[in-house]
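Please walk me through this structure in the viewer. Tell me what to select at each stop and what is there.

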Protein chains: 2
Amino acid sequence: MHPEPLTRLIDELQRLPGIGRKGAQRIAFHILRTPRDEAERLLAAVQDVKDRVTYCSVCNHVTDVDPCAFCTKPDRDRRVICVVEDAQNVIAIERTRGYKGLYHVLMGALSPLHGIGPDDLTIKGLLDRVKGGGVDEIILATNPNVEGEATAIYLAKLLKPLVVRVTRIAMGIPVGSDLEYTDEVTMHKALGGRREV
Amino acid sequence: MHPEPLTRLIDELQRLPGIGRKGAQRIAFHILRTPRDEAERLLAAVQDVKDRVTYCSVCNHVTDVDPCAFCTKPDRDRRVICVVEDAQNVIAIERTRGYKGLYHVLMGALSPLHGIGPDDLTIKGLLDRVKGGGVDEIILATNPNVEGEATAIYLAKLLKPLVVRVTRIAMGIPVGSDLEYTDEVTMHKALGGRREV
């Protein structure tokens, strides 16, 4: 019923997270109506992300320079590494402005159900960083759900022999939710109330 | 906090209808993770819509051939024209499979508040089609809200001297809602129960 190109765009848009048939249709018609230069800007932005954004070879955070800004900034405390599941979690923690250490992005969490084991995460890279020395504390900031907890416990076992302090962010965050959606204050409390594992 | 290209993509995505900051962030990271060929397909689809989809010179429906399929299909009843506000409404009516006539897309509705007058719609084109002859009935299928009603009444005045029958779809549709979201059955009832204006 739609012209073929419009149908194809609607199909492609539906692959995006949180976009259903109605939403895709609405966006497709918006793109159709939108001035060409605005559409070009969107296209360029997508292209740019695919071309220029990559993962930091040290901490695996998303970046357009390698190593990333966190790993190179002189004002960050290099003795503390905060371990998170993904890049969005780094952003959530940075929003608190309460943390000045480094990060390590695991690129996921252990999940036997989804066939995600230790080798699918960047755990080896984390251990290498720690073995490199100069690290006093590892903060385990994986999500407060089953997978995140399991991952934290697994990492604690591996890290305790190597680091002075291995800590876990406090459960100030409503369990079952996601770090990405935690407000600054709760996140700040969680960071502050971290306890020895 | 994000790498610049990612920030720009998130900004661009937020301009799309129904997408907020969180949704844009989630989609941006999805695009970042997605395989390049899938991203390329999305880019091509957007490009294609901008390049190949246009408006029918007869009925103003979206199309990639001019005149559009509805205006050229021999199995459509050329004596009836259904007038709608936008292309999505055409799709909503086609979904009923109960209508076999032609369409005319107004590209909006009269709205003094938003400064949209008769000259901003494709009313002149509609009158020219009717004056061209061969039209027995005009079905006014503008939205059942203030603007849509006003537009229908305005068009009825202009068309009555020119056409045998000027009808308005029945108010089977919940008033205040939008044709785009009407289910097939309600839409079918509305088309069937149309009454003389």
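Select chain A and chain B together. In this predicted model, the two chains bury about 5,600 Å² between them. Of that area, 64% is on carbon and sulfur atoms. Now show the contacting residues: 55 residues of chain A are in contact with 55 residues of chain B.

Next, turn on the polar pairs. Across the interface of chain A and chain B there are 14 residue pairs in polar contact, both partners at pLDDT 80 or more. The salt bridge count between chain A and chain B is eight. Zoom in on Arg8(A) and Asp48(B), which form a salt bridge. Their closest N and O atoms are 3.2 Å apart.

Stay on the side of chain A that touches chain B. Which elements each supply at least two residues there? Colour α1 (4-14), α2 (21-33), α3 (36-52), β2 (62-63) and α5 (87-94) of chain A. Then keep α3(A) alone: the largest share of that side, 16 residues, comes from this helix. Recolour the side of chain A that touches chain B by class, and it shows 27 nonpolar, eight polar and 20 charged residues.

Last stop: strand β4, residues 101-105 of chain A. Is this strand enclosed or open? Five of its five residues are buried, so β4(A) is largely enclosed by the rest of the structure. Add strand β3 of chain A, residues 77-84. Five bridges join β3(A) to β4(A), and the two run parallel. To see the pairing up close, pick Val83(A): this residue stands opposite His104(A) in β4(A).

Methods
Residues numbered from 1 in each chain as written. Chains lettered and ligands numbered in written order. Predicted model: local features only at pLDDT ≥ 70, side-chain atom pairs only at ≥ 80, totals over all residues. Heavy atoms only, no water. Contact = heavy atoms within 4.5 Å. Buried area = accessible area lost by both parts, 1.4 Å probe. Salt bridge = Lys/Arg side-chain N within 4 Å of Asp/Glu carboxyl O. Polar contact = N/O pair within 3.5 Å; in protein donor to acceptor, adjacent residues only side chain to side chain. Helix = DSSP H or I, 4+ residues; strand = E, 2+ residues; numbered from the N terminus. Nonpolar A, V, L, I, M, F, W, Y, C, P; charged D, E, K, R; others polar. Buried < 20%, exposed > 50% of the residue type's maximum accessible area, 1.4 Å probe, protein only. Pairing = 2+ DSSP bridges.
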